[in-house]
Amino acid sequence: MEEKLICRLENAVMRLESLSSASTTSREIDFGGGGEYSSLDPSILAFDDLMAHYLVKVMIAAERIGGQVVDVTMIVQQAFKMQKELLIKIKQSQKPDMMGLAEFLKPLNEEISKANALTDQEKRSEFFNHFKAAADSLSALAWIAYTGKECGMSMPIAHVEESWQMAEFYNNKVLVEYKSKDPSHIEWAKCMKELYIPGLRDYVKTHYPLGPVWNATGKTLHKSTPSSGPAAPPPPSAALFSSESSSKPSSSCSKQGMSAVFQEINAGNVTGGLRKVTSDMKSKNRTEKSGVVTTVEKESRAIKTPISKTGPPKLELQMGRKWVVENQIGQKNLVIDNCDSKQSVYIYGCKNSVLQIQEKVNNITVDKCTKMGVVFKDVVAAFEIVNCSGVEMQCQGSAPTISVDNTSGCQLYLSKESLETSITTAKSSEINVMVPGADADSDWGEHALPQQFIHVFKDDHFESTPVSHSGA
């Protein structure tokens, strides 16, 4: 046991030395003009301190666990190193156009893609929650792509916080799963959170609250030049720039089809392509008609497969008042960010998906969902779970009422602001409520809500008390 511990400590020291040497080397990098000055810039030195204070702790915790947790944590380490190199380049370069920015962010995007690929390959691994927490957290590094309000991203500080909120859903699963098993995993999850909150968030807040500051007199990273032939479009960056336009059906094709129909009508040749009905095709002249249903007809009717009632996936705002999320399967990154306290959210028929609601809404209802996770900030009226199985809910703000009806398997994560919420249950089982500890370093407390009661008739009325099970 002692030999293994010594071996792990030696590995941790070696990684610390490599991180230190990489930090020293990066200060000597010269990307062309003022390299030494850029490397010694206070914001770059502060990023070194961020990695030395927070990232090293995550690596040490990963070394204690070993295995694939080390692999995914090393990807996180490489992504932070890559962000530092990009910050040095920004100090030396002019602001590029969109094509140049995509090319500039490509190395960081590749590191984030590695984490996502590892997560997809190891969906059945016992460390899946570790993979998912690390991979989702890396989207916080995309704050460096912020170019202004017109870019469609949140402000850098808000972007880091929102990205971590999505990763925290899986990070909390690690805390719950290993609460009484292995403290090394608990330490890893806590250090991972500290890396972003307060680590990266406070760094961005101090040095880049309005986004990266480019050098107006620096060198040009990328300059688009006209060519004789059509230029190929730049490859999409799935990790830093998400676009849903490819998945949405285009209306241009349908317009072309309808215009062609109207063109034929206007031409006057409406029936030119129709088949002519002969006399033997008419019902009154058919000789095989009969009122007897044959065996073949019975069999053909019997083998007809039932039509699936599952509709197409939806995530849309209807009538400006109601967000509808329907039939989402295997979607882990669903987000509703442009909402207000007068709108409600209705989630129906979703399976194995995660939805994040980033603003306060009036009401949230989860209906007929399986293995569905919902992360939200504040709700004005109530959060309702009906006819579901294996759902998880995380409240990061306040919720006056939480209702669980006809549901099997429900995990509720409450924040300190929502501890006074009223929880109503009916015809439900396996409901666990997780509450935060007294301070930031304390473990989450798990409380199982009773599902069995004893009813005693006393003084002309029934008194009901939950069944308590004493341990052996």
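Here a trainee and a mentor talk through a predicted model.

Trainee: What does the protein average in pLDDT?
Mentor: Confidence varies along the chain, with residues 19-35 and residues 295-300 both below 50. In the model, residues 19-35 still have 32 contacts beyond near neighbours in sequence, while residues 295-300 have two. A pLDDT of at least 70 is reached by 72% of the residues, and the protein average is 79.

Trainee: How many helices and strands are there in the protein?
Mentor: The protein has 472 residues, and 39% of them count as buried. Take contacts between residues at least 6 apart in sequence: 42% of those join residues at least 24 apart. As for the elements themselves, you get 11 helices and 16 strands.

Trainee: How far apart are the end C-alpha atoms of helix 3, and what should they span?
Mentor: Helix 3 runs over residues 42-65, which makes 24 residues. At 1.5 Å a residue the expected span is 34 Å, and the end C-alpha atoms agree with that, being separated by 34 Å.

Trainee: Where is the kink in helix 3 centred?
Mentor: The axis bends by about 35° within this helix. Don't mix that up with Gly-66, which sits just after helix 3 and takes a positive phi of about 80°. The kink itself is centred on Leu-55.

Trainee: Which helix gives the largest share of the largest nonpolar core?
Mentor: That core has 65 residues, and Phe-80, Tyr-196, Leu-200 and Tyr-203 have the most contacts inside it. Several helices supply at least two residues each, including helix 3, helix 8 (156-177) and helix 9 (183-207). The largest share, 12 residues, comes from helix 4.

Trainee: How many residues are in the other core, the one with Ile-347?
Mentor: It lies apart from the largest core. Besides Ile-347, its members include Phe-383, Ala-399 and Cys-410. The count for this other core is 33 residues.

Trainee: Which residues does Tyr-203 touch, beyond four places away in sequence?
Mentor: Tyr-203 is one of the residues with the most contacts inside the largest core. Setting aside residues up to four places away, its partners are Ser-43, Ala-46, Phe-47, Leu-50, Leu-87, Trp-143 and Tyr-208.

Trainee: Why is strand 2 largely enclosed by the rest of the structure?
Mentor: Strand 2 covers residues 322-326 and pairs with strand 1 in the antiparallel sense and with strand 4 in the parallel sense. It is largely enclosed because, of its five residues, the number buried is four.

Trainee: Which residue in the turn between strand 1 and strand 2 has a positive phi?
Mentor: Strand 1 (residues 314-318) and strand 2 pair over five bridges, with Leu-315 opposite Val-325. They make a hairpin with three residues between them. The turn residue with a positive phi, about 60°, is Met-319.

Trainee: What is the bridge partner of Val-324 in strand 4?
Mentor: Strand 4 covers residues 344-348, and it pairs with strand 2 over five bridges. Opposite Val-324, the partner in strand 4 is Tyr-346.

Trainee: Is Cys-395 buried or exposed?
Mentor: Cys-395 is found in strand 9 (residues 389-395). Leaving aside neighbours within four places, its contacts include Phe-376, Tyr-413 and Ser-418. Its relative accessible area is 2%, and buried means under 20%, so Cys-395 is buried.

Trainee: What separates the C-alpha atoms of Cys-395 and Phe-383?
Mentor: Along the chain, these two are 12 residues apart. Phe-383 belongs to the core of 33 residues. In space, their C-alpha atoms are separated by 9.6 Å.

Key
Residues numbered from 1 in each chain as written. Predicted model: local features only at pLDDT ≥ 70, side-chain atom pairs only at ≥ 80, totals over all residues. Heavy atoms only, no water. Expected span 1.5 Å × (residues − 1). Bend = angle between axes of the 7 residues up to and from the residue. Core = buried A, V, L, I, M, F, W, Y, C linked by side-chain atoms within 4.5 Å. Buried < 20%, exposed > 50% of the residue type's maximum accessible area, 1.4 Å probe, protein only. Contact = heavy atoms within 4.5 Å. Pairing = 2+ DSSP bridges. pLDDT = per-residue confidence, 0-100.
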